[in-house]
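Here's a walk through one protein model, from the overall layout down to single residues. Take a look at the fold first.

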Amino acid sequence: MTRERGKVDAVAKGVRRPKSSIGGRLELFAEVRVSLHKGRSLDVVTEVRTVRSHWSGLVRPDAFATASLFAETIDLFCEPDLELPEIYALLSGALAAVAASDAPGTLVPRFQLRLLHALGLAPADDACVRCGGSFDQHGAWLDLEAGGLGCERCYGARGDAHAFEASDVENFRALGAERGAGAALRATMQVARATDDLITWHLGRRPKARALVHELT
Ligand SMILES: [Zn+2]
């Protein structure tokens with residue numbers, strides 16, 4: 001994932017040879033400065049310098065699984081050669097947070113929601129998807145097919161399983177907020193389920209690493 005070109009397919013030749021000058025620097029999840037030579041189908045890595053490596057914080061099973069889930073989710077959503085600086089910054093910050101966290105799995109919902117915001121796919125958190133009205137003390141309902149949250153007047157009678165309490169709506173807003181702006185880092189159980197469902201719905205499947213994260217955290 002690059003800052004200038006978004007997702008790029010590249011190959012690093014001979015990196016498993018003990019004397020390779022770039023092998024040791026192409027660590028998984030490290031932020032690096034690379035030189036790429038334009039190849040016929042794949043770019044070729046010719047030079048690598050490490051900018052930031054979180055390896056020591058990511059060699060724990062739960063942290064590694066969470067970092068893998070973040071990388072896989074971004075890989076599934078992003079097309080190659082499309083500049084996405086906001087998503088680059090999100091991934092960079094999220095990997096650092098995982099490496100430093102005692103409970104990396106708890107960072108998943110905020111990452112998912114911030115990613116949906118960056119992609120323009122996050123539901124409005126202040127207006128009903130059907131009538132545009134605000135949510136009251138009855139909370140809200142998640143309507144995946146309509147792509148948003150619904151109010152009690154529109155959804156209350158349906159007996160839908162995805163009911164948000166008013167405190168969940170509050171948490172959903174804070175979880176999607178930019179850092180500093182009253183942002184929450186942890187999701188309530190209902191909000192965690194909702195962000196996971198939103199990701200799965202938009203992708204049409206669950207990322208593979210998700211099962212591992214659930215098993216290990
Ligand atoms: Zn409504």
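What follows goes from the whole chain to its domains, sheets, cores and one helix.

## Ground rules

This is a predicted model, so local features are given only at pLDDT of at least 70, side-chain atom pairs count only at pLDDT 80 or more, and totals for chains, interfaces and linings use all residues. Residue numbers start from 1 along each chain, following the sequence as written.

## The overall picture

The protein has 8 helices and 6 strands; these are DSSP runs, numbered from the N terminus, with helices being H or I of at least four residues and strands being E of at least two. Reading from the N terminus, the order is β-β-β-α-α-α-α-β-β-α-β-α-α-α. Along the principal axes, the C-alpha atoms fill a box of roughly 65 × 35 × 30 Å.

Of the 217 residues, 28% count as buried. Here a residue is buried if 20 or more other C-beta atoms lie within 10 Å of its own, exposed if 12 or fewer, and partly exposed in between, with C-beta atoms placed from the backbone. Looking at contacts with a separation of 6 or more, 58% come from residues 24 or more positions apart. A contact means that the two C-beta atoms, placed from the backbone, lie within 7 Å.

## Two domains

The domain assignment splits the protein into domain 1 (1-53) and domain 2 (56-217); such bounds come from an automatic or database assignment. Their C-alpha centres lie 30 Å apart. Across the boundary, 10 residues of domain 1 are in contact with 16 residues of domain 2. The domain 1 side of that meeting has 3 nonpolar, 1 polar and 6 charged residues. For those classes, Ala, Val, Leu, Ile, Met, Phe, Trp, Tyr, Cys and Pro count as nonpolar, Asp, Glu, Lys and Arg as charged, and the others, Gly among them, as polar.

## The E1-E3-E2 sheet

One open sheet has 3 strands in the order E1-E3-E2, with mixed pairing; two strands pair if DSSP finds at least two bridges between them. Strand E1 (10-11) and strand E2 (31-37) are the edges, each with a single partner strand, so one side of each has no neighbour in the sheet. E1 runs parallel to strand E3 (residues 43-52), joined to that strand by 2 bridges. Valine 11 has valine 44 in E3 as its bridge partner.

Alanine 10 also sits in strand E1. Is alanine 10 buried or exposed, or in between? Alanine 10 counts as partly exposed because it has 15 C-beta neighbours inside 10 Å. Not counting residues up to four places away in sequence, alanine 10 touches Leu36, Leu42, Asp43, Val44 and Val45. Histidine 202 is another matter: 192 residues away from alanine 10 in sequence, and 27 Å away in space, C-alpha to C-alpha.

## The E5-E4-E6 sheet

The other open sheet to look at has 3 strands ordered E5-E4-E6, with antiparallel pairing. Strand E5 (148-150) and strand E6 (163-164) are its edges, each pairing on one side only.

Strand E4 (residues 140-143) is joined to E6 by 2 bridges: alanine 140 stands opposite phenylalanine 164, and tryptophan 141 is partnered by alanine 163. Towards E5, the antiparallel pairing of E4 covers 3 bridges, with aspartate 143 opposite glycine 148. The E4 and E5 hairpin has 4 residues between its strands, and glycine 147 there takes a positive phi near 75 degrees.

## Cores

The largest nonpolar core has 22 residues, and Leu58, Ala67, Phe70, Leu91, Ala94, Leu95 and Val98 have the most contacts inside it. H2, helix H3 (85-100) and H4 each give two or more residues to this core. A separate core has 20 residues, including Phe135, Cys151, Val169 and Ile199. A nonpolar core is a set of buried Ala, Val, Leu, Ile, Met, Phe, Trp, Tyr and Cys residues joined through C-beta atoms within 7 Å.

Beyond its neighbours within four places in sequence, phenylalanine 70 is in contact with Leu91, Ala94, Leu95 and Phe111.

## Helix H7

At 1.5 Å a residue, the 15 residues of helix H7 (residues 189-203) should span 21 Å, and the end C-alpha atoms are indeed 21 Å apart. That expected span is 1.5 Å times one less than the number of residues.

Buried in H7 are Gln190, Val191, Ala192, Ala194, Thr195, Leu198 and Ile199. Their cover includes helix H2 (61-77), helix H4 (108-119), E4, E6 and helix H6 (166-176). Just past H7, glycine 204 takes a positive phi of about 80 degrees.
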